[in-house]
Amino acid sequence: MSHYYRLVVSCPDRRGIVARVSGFIAGHGGSITEASQHSDLEAGRFFMRYEILADSIGMTAAELKEAFEPVAREFDMDWALRDTRRRPRVVIMVSRESHCLVDLLYRWTAGELEGDIVGVISNHDDMRSMVEWHGLPYHHVPITSDGKQAAFEEVERHVEALQADTVVLARYMQILPPRLCERYSGRVINIHHSFLPSFAGARPYHQAHSRGVKLIGATCHYVTEELDAGPIIEQDIHRVSHCHTPQDLVRFGRDVEKGVLARGLRWHLEDRVLIHGNKTVVFA
């Protein structure tokens, strides 16, 4: 695979940003292989993502960061530069539904994800044999009503020990405490059906079927302290009709959830998602 540096930028919108950044890269002999820009006219904010062929620029990532710092200060940028040779480390959290976990494990082993799954954490022991078959550590941390704080302290220790860059809630049916949400802000991704808030609680697809819904959907978003209200990365739908049973709706929902979560995680790992407030810019 080719070796790239990825530059992502968010800053106040003004004239000359593209020219200044592109000129800086060209001035150091760099070749831009992919470029994306977006101006949010309402927010007055500019967003940018560049892929730079690393061998063309003749600098290490650390040297390039140091050289770019004056440009970043000039335009008051929030920015990051990542070397694609350093693959992000992904920890998956799951409960008893396996479809999203199985799908991500397959995509990882097939080389579809630009990152490495390094471990799985679950509040149940159901998925252990499958996860360990993939050569991954499996950490079973039960969650009880009177022991949540201690349990999530253990979860946090596992996430830290695995050196996670990204945490994926692949149908993990527990609410993360505010401390974890804050510590890993912008790095925890969740997936859920899009019936909320109308059909909350148990058996949402059965509730939806009884109301005669015509669309099945799923939402992938970043986790915040406000439940299921973080910045949205990706969504999708599947049409249904009066002919479909509740079991059909569950099956369709699982398919949608798998695809939406995989795309959201892939875009996150490829630095295609820029967060601004409670919204995202996705250069997919």
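This text walks through the two largest pockets of the structure. The model is predicted.

How does one find empty space in a protein? Rolling a probe the size of a water molecule over the atoms shows where empty space is left.

Start with the largest pocket. Its space comes to about 720 Å³. A total of 33 residues line this pocket. Look for its centre first. The closest residues to that point are R171, M173, H192, H193 and D228. Now step back to the elements around them. Strand 9 (188-193), helix 8 (204-210) and helix 9 (246-269) each give two or more residues to the lining. Strand 9 gives the most, with four residues. What is the lining made of, by class? In the largest pocket, 16 lining residues are nonpolar, nine are polar and eight are charged.

Move on to the second largest pocket. Its volume is about 590 Å³. Here 23 residues form the lining. Closest to the centre of this pocket are A80, G186, H268, D271 and V273. Four elements can be traced in the lining, each with two or more residues: strand 1 (4-12), strand 4 (78-83), helix 9 and strand 12 (273-276). Which element gives the most to this lining? Strand 4 does, with five residues. By class, the second largest pocket is lined by 11 nonpolar, five polar and seven charged residues.

Finally, follow helix 9. This helix gives two or more residues to the lining of the largest pocket, and helix 9 also gives two or more to the lining of the second largest pocket.

Notes
Residues numbered from 1 in each chain as written. Predicted model: local features only at pLDDT ≥ 70, side-chain atom pairs only at ≥ 80, totals over all residues. Heavy atoms only, no water. 1 Å grid on protein atoms, 1.4 Å probe; cavity = no way out; pocket = protein on both sides within 12 Å on 5 of 7 lines; lining within 4 Å. Points joined across faces, edges and corners; volume = space filled by probe spheres on them. Nonpolar A, V, L, I, M, F, W, Y, C, P; charged D, E, K, R; others polar.
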